[in-house]
Protein chains: 2
Amino acid sequence: MSQGTQNLVEGNPSYAANFTQGDLALPPAQKYVVLTCMDARIDPTRAFNIPLGAAHVIRNAGASARDGFRSLVISQQLLGTVEVLVVKHTGCGMLTFTNAAAKDVVKKNKGDEALKEVEDLDFLPFPDLEDAVKEDVEWLKGKKLEEGVTISGWVYEVETGKARKVV
Amino acid sequence: MSQGTQNLVEGNPSYAANFTQGDLALPPAQKYVVLTCMDARIDPTRAFNIPLGAAHVIRNAGASARDGFRSLVISQQLLGTVEVLVVKHTGCGMLTFTNAAAKDVVKKNKGDEALKEVEDLDFLPFPDLEDAVKEDVEWLKGKKLEEGVTISGWVYEVETGKARKVV
């Protein structure tokens with residue numbers, strides 16, 4: 001059995017046995033959404049103190065607002081959230097490569113046919129962490145859709161577990 | 001102070017004070033990635049038993065493989081994950097609307113200028129839960145990039161906390 005499947009199969013029964021919140025509503029009770037990175041070192045629920053049922057959590061490579069835009073629109077327009085926290089983090093993989101380098105890796109690992117599938121893809125890497133937080137917040141604020149929504153930008157430190165506000 | 005910010009500011013200091021895992025490596029230690037929904041009722045870490053540092057967690061509206069593709073490619077090609085768990089869930093918002101209906105809501109809430117920003121967007125709703133899990137797994141398996149990657153599909157029940165394998 002693969003590792004992820006094994007973890008789930010071993011751990012889910014006791015989670016379910018102790019589960020008491022089966023009547024939570026679909027729309028987030030505290031009307032906010034956290035956009036953060038898929039990074040394995042982040043546990044948003046605990047690190048950002050999000051009660052179950054309170055907030056949407058969107059995660060992608062780099063906590064990209066552009067990449068998360070579809071989900072953000074659904075969160076706000078269809079499910080009523082009015083606050084967005086964009087949380088990027090120290091040591092992010094997106095600080096470490098360029099689009100060209102990423103495509104070279106795909107070509108080397110998987111060949112030309114695989115490369116074709118990512119040729120038009122923007123991996124959305126960024127060279128500076130705090131600038132990237134500010135840029136994503138500005139980009140979101142520039143969208144007509146975000147009128148009336150509170151948007152803040154944060155950095156989470158994977159070395160210390162601390163989160164600090166950037167903008 | 002907005003609710004999400006307040007939760008973070010109140011809860012993060014004690015998380016950081018008790019944090020002892022500041023030396024985890026960037027690549028996921030157990031080489032897998034979980035793709036699940038942004039839904040507020042899901043706590044992937046606990047429900048799917050994911051140790052900190054073990055796995056990437058991608059979350060978007062509906063646990064969409066297409067929407068998560070950029071992050072999946074980065075997870076696998078640049079950071080070495082070799083197993084994907086696609087976990088959709090009961091009571092998902094994506095079962096409740098169509099693209100046309102979503103765009104009508106945007107227009108009604110925010111007007112014509114906001115509508116322009118989502119006109120070309122596919123919100124990727126789906127009419128049947130288990131079919132959507134199977135389709136996403138098939139779609140991923142059809143990608144050249146996924147050769148050598150183990151892909152499984154699951155349903156998480158927000159009513160019971162149980163996860164079950166679909167494919």
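In this predicted model, A:Cys92 is in contact with A:Cys37, A:Gly62 and A:Phe126, leaving aside its neighbours within four places in sequence. UniProt, in an unreviewed entry, lists A:Cys92 under the feature "binding site" together with A:Cys37, A:Asp39 and A:His89. These residues span 56 residues in sequence, yet no two of their C-alpha atoms are more than 8.8 Å apart, so they gather at one spot. The points below begin with this site and then turn to the chain, the pairing of the copies and selected helices.

**The annotated site in chain A**

- A:Cys92 is placed in the loop that runs between β3 and α4 (99-110) of chain A.
- With a relative accessible area of 3%, A:Cys92 is buried.
- A:His89, another residue of the UniProt feature, belongs to strand β3, which covers residues 83-89 of chain A.
- Is A:His89 buried or exposed? A:His89 has a relative accessible area of 1% and is therefore buried, as the cut-off is under 20%.
- Apart from neighbours within four places in sequence, the contacts of A:His89 include A:Cys37 and A:Asp39, both of which the UniProt record also names for the "binding site".
- A:His89 is further in contact with A:Arg41, A:Ile42, A:Leu129, A:Tyr156 and A:Val158.

**Overall layout of chain A**

- Chain A contains six helices and five strands.
- Read from the N terminus, the order of these elements is α-β-α-β-α-β-α-α-α-β-β.
- The C-alpha trace of chain A spans about 50 × 45 × 35 Å along its principal axes.
- Of the 167 residues in chain A, 56% are buried.
- Among contacts in chain A with a separation of 6 or more, 65% are between residues 24 or more positions apart.

**Relation between the two chains**

- A turn of 180° with a shift of 0.0 Å along the axis lays chain A on chain B with an RMSD of 0.0 Å.
- This is the relation of a two-fold axis.
- The C-alpha of chain A nearest the axis belongs to A:Arg59, at 2.3 Å from it.
- Both copies use the same surface, since 100% of the contact residues of chain A recur in chain B.

**Asn7 in each chain**

- A:Asn7 is part of helix α1 (residues 3-17) of chain A, and its relative accessibility of 6% makes it buried.
- The side chain of A:Asn7 forms a polar contact of 2.7 Å with the side chain of B:Gln30.
- Residues up to four places away in sequence aside, A:Asn7 touches A:Asn12 in its own chain, and B:Gln30, B:Tyr32, B:Phe48, B:Asn49 and B:Pro51 in chain B.
- B:Asn7 lies in helix α1 (residues 3-17) of chain B and is buried at a relative accessible area of 7%.
- Which side chain has a polar contact with that of B:Asn7? The partner is A:Tyr32, at 2.9 Å.
- With residues up to four places away in sequence not counted, B:Asn7 touches A:Gln30, A:Tyr32, A:Phe48, A:Asn49 and A:Pro51 from chain A, and B:Asn12 from chain B.

**Helix α4 of chain A**

- α4(A) consists of 12 residues and reaches 16 Å from its first C-alpha to its last, close to the 16 Å expected at 1.5 Å a residue.
- Its buried residues are A:Ala102, A:Lys103 and A:Val106.
- These buried residues cover an arc of only 95° around the axis, which puts them on the same side of α4(A).
- The face turned away from the buried side carries the exposed residues A:Ala100, A:Asp104 and A:Lys108.
- The buried residues of α4(A) pack against α5 (112-118) of chain A and also against α3 (69-78) of chain B.
- Just after α4(A), A:Gly111 adopts a positive phi of about 95°.

**Helix α3 of chain B**

- The partner helix α3(B) has nine of its 10 residues buried, so it is largely enclosed by the rest of the structure.
- The buried residues of α3(B) include B:Phe69, B:Arg70, B:Leu72, B:Val73 and B:Ile74.
- B:Gly80, just after α3(B), takes a positive phi of about 80°.

Technical notes: Residues numbered from 1 in each chain as written. Chains lettered and ligands numbered in written order. Predicted model: local features only at pLDDT ≥ 70, side-chain atom pairs only at ≥ 80, totals over all residues. Heavy atoms only, no water. UniProt positions renumbered as here; feature names shortened; annotations may be inferred. Helix = DSSP H or I, 4+ residues; strand = E, 2+ residues; numbered from the N terminus. Buried < 20%, exposed > 50% of the residue type's maximum accessible area, 1.4 Å probe, protein only. Contact = heavy atoms within 4.5 Å. Polar contact = N/O pair within 3.5 Å; in protein donor to acceptor, adjacent residues only side chain to side chain. Least-squares fit on C-alpha atoms with pLDDT ≥ 70 in both. Expected span 1.5 Å × (residues − 1). Arc of directions from axis to C-beta.
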